[in-house]
Amino acid sequence: IGDQCWMAENLNIGGMIEGGIDMTNNDIIEKYCYQNSSALCDTYGGLYQWDELMAYSSVESSQGICPDGWHIPSDIEVQELEIALGMDGATAALSNIWRGSDQGTKMILGGDSGYDALFSGRRVTGGLFSAMESYEYLWTSSESGANAWRRCFRVSDPQVGRYNTFPKNYGMSVRCI
C-alpha cells in the first residue's frame, strides 16, 4: 500500500495463554485468543500485550515478534499508510480522535486497500475480552508516556482512530510491516 509492504493479516504466532494471565518475559512468545478460543486466533490473529509483541524492547520499529525481515510499525509508519490512502498529513497527526474521511472504510475487510482489518476486539485488564466484530485495535511500536499509540477501526465508521489512552497490558492485534 503506497510504498509500504504490510502483512495481509494480523499476526498469529506463539502459544495461547488464558486471558486472565499477564504475559511474561520468559523467552516464549505468548498470545491471547479471544474468549480463550484457539479457533478465533486462526481467524482473527492473536492478541498481544505491548511488551510481549515488542519482545521486551522499547526501540521504535524493532522486529519484536515479527518474522525476520519484518518489524512492528511505528506510529509514523501507520500515518504514512493513512496518507497513502488519502488522508492529509495534518489530519493524520491528530491525536485521541477519529480522523480522516474514508480511510477506515478502505482498510476494513472488503475495503479497496487490501488491508482488510477484521474487528478482532481486545483483551482488557483482568482478562476480559470485548469488542469482537465491533472494533479492531492495532498496536504500534511507538510509546506515549506509560502507554503506546494504537489505531482503531469501528464497524460502519469511515474514519480511523489514533489514540494513546490504553495501557500496555491490554491485548490487541498487530500487523507487521
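## Around a small cavity and a buried charge network

Helix H3 (75-84), strand E6 (135-144) and strand E7 (147-154) each supply at least two residues of the lining of the largest cavity. That's a good place to start looking around this structure, which is a predicted model.

So how many cavities of 30 Å³ or more are there? The count comes to one. The largest cavity has a volume of about 70 Å³. If you're wondering how such a space is found, rolling a probe the size of a water molecule over the atoms shows where empty space is left. To find the spot on your screen, pick out Trp6, Val78, Leu81, Met107, Tyr115, Leu138, Trp139, Thr140, Arg151, Phe153, Val174 and Arg175, which line the largest cavity. E6 gives the largest share of that lining, with three residues. Sorted by class, the lining has nine nonpolar residues, one polar residue and two charged ones.

Now stay with helix H3 for a while. Its buried residues are Asp75, Glu77, Val78, Gln79, Leu81 and Glu82. Two of the names in that list, Val78 and Leu81, also turn up in the cavity lining. What do the buried residues of H3 pack against? They pack against helix H4 (89-92), strand E3 (97-99), helix H5 (103-107), E6, E7 and strand E8 (160-163). Just past the helix comes Gly86, whose phi is positive, near 110 degrees.

Among the buried residues of H3 are some that carry charge, including Asp75 and Glu82, and that takes us to the salt bridges. Side chains of opposite charge can pair when their charged atoms come close. A search of the whole structure turns up eight salt bridges. Let's walk through some that involve H3.

Begin with Arg151 and Asp75, whose side chains meet in a salt bridge at 2.7 Å, N to O. Arg151 sits in strand E7 and Asp75 in helix H3, so this pair ties together parts that are 76 residues apart in sequence. Are these two buried or exposed? Arg151 counts as buried because its relative accessibility is 2%, and Asp75 is buried too, with a relative accessible area of 5%. Arg151 is also one of the residues lining the largest cavity.

Asp75 has another partner: its side chain meets that of Arg162 in a salt bridge at 2.6 Å, N to O. This pair again links distant parts of the chain, with Arg162 in strand E8 and Asp75 in helix H3, 87 residues apart. At 7% relative accessibility, Arg162 counts as buried.

Elsewhere in H3, the side chains of Glu82 and Arg99 meet in a salt bridge, at 2.5 Å from N to O. Glu82 lies in helix H3 and Arg99 in strand E3, so the pair ties together parts that are 17 residues apart in sequence. Glu82 counts as buried at 0% relative accessibility, and Arg99 counts as buried at 1%. Put these residues together and you get a single picture: salt bridges that share partners join Asp75, Glu82, Arg99, Arg151 and Arg162 into one network.

Next, the nonpolar side of things. The largest nonpolar core has 29 residues, and the ones with the most contacts inside it are Leu11, Tyr48, Leu53 and Trp139. Helix H2 (50-53), strand E5 (129-132), E6 and E7 are the elements that give two or more residues to this core. Which residues does Leu11 touch, leaving aside its neighbours within four places in sequence? Leu11 is in contact with Gly45, Gly46, Tyr48, Ile65, Cys66, Pro67, Val174 and Cys176. Apart from the largest core lies another core, of 13 residues, among them Trp6, Tyr115, Leu138 and Phe153. Those four also appear in the cavity lining.

To finish, try a couple of loops. Ser95 lies in the loop between H4 and E3, and Ser95 is partly exposed, with a relative accessible area of 37%. Ser95 and Tyr163 are 68 residues apart in sequence, yet 5.9 Å apart in space, C-alpha to C-alpha. Leaving aside its neighbours within four places in sequence, Ser95 is in contact with Trp149 and Arg162. Arg162, you'll recall, belongs to the salt-bridge network. Gly114 lies in the loop between H5 and strand E4 (120-123), and Gly114 is partly exposed, at 44% relative accessible area. Gly114 and Leu47 are 67 residues apart along the chain, and their C-alpha atoms are separated by 21 Å.

Key:
Residues are numbered from 1 along each chain as its sequence is written. This is a predicted model: local features need pLDDT of at least 70, side-chain atom pairs count only at pLDDT 80 or more; totals for chains, interfaces and linings use all residues. Side-chain values use heavy atoms; hydrogens and water are left out. On a 1 Å grid over the protein atoms alone, a cavity is a set of points where a 1.4 Å probe fits but cannot get out, and a pocket is an open set with protein on both sides within 12 Å along at least five of seven lines; lining residues have an atom within 4 Å of a point. Grid points are joined across faces, edges and corners, and a volume is the space filled by probe spheres set on the points. Helices (H or I, at least four residues) and strands (E, at least two) are DSSP runs, numbered from the N terminus. Buried means under 20% relative accessible area, exposed over 50%, partly exposed in between (1.4 Å probe, protein chains only). Contact means heavy atoms within 4.5 Å. A salt bridge is a side-chain nitrogen of Lys or Arg within 4 Å of a carboxyl oxygen of Asp or Glu. A nonpolar core is a set of buried Ala, Val, Leu, Ile, Met, Phe, Trp, Tyr and Cys residues joined through side-chain atoms within 4.5 Å.
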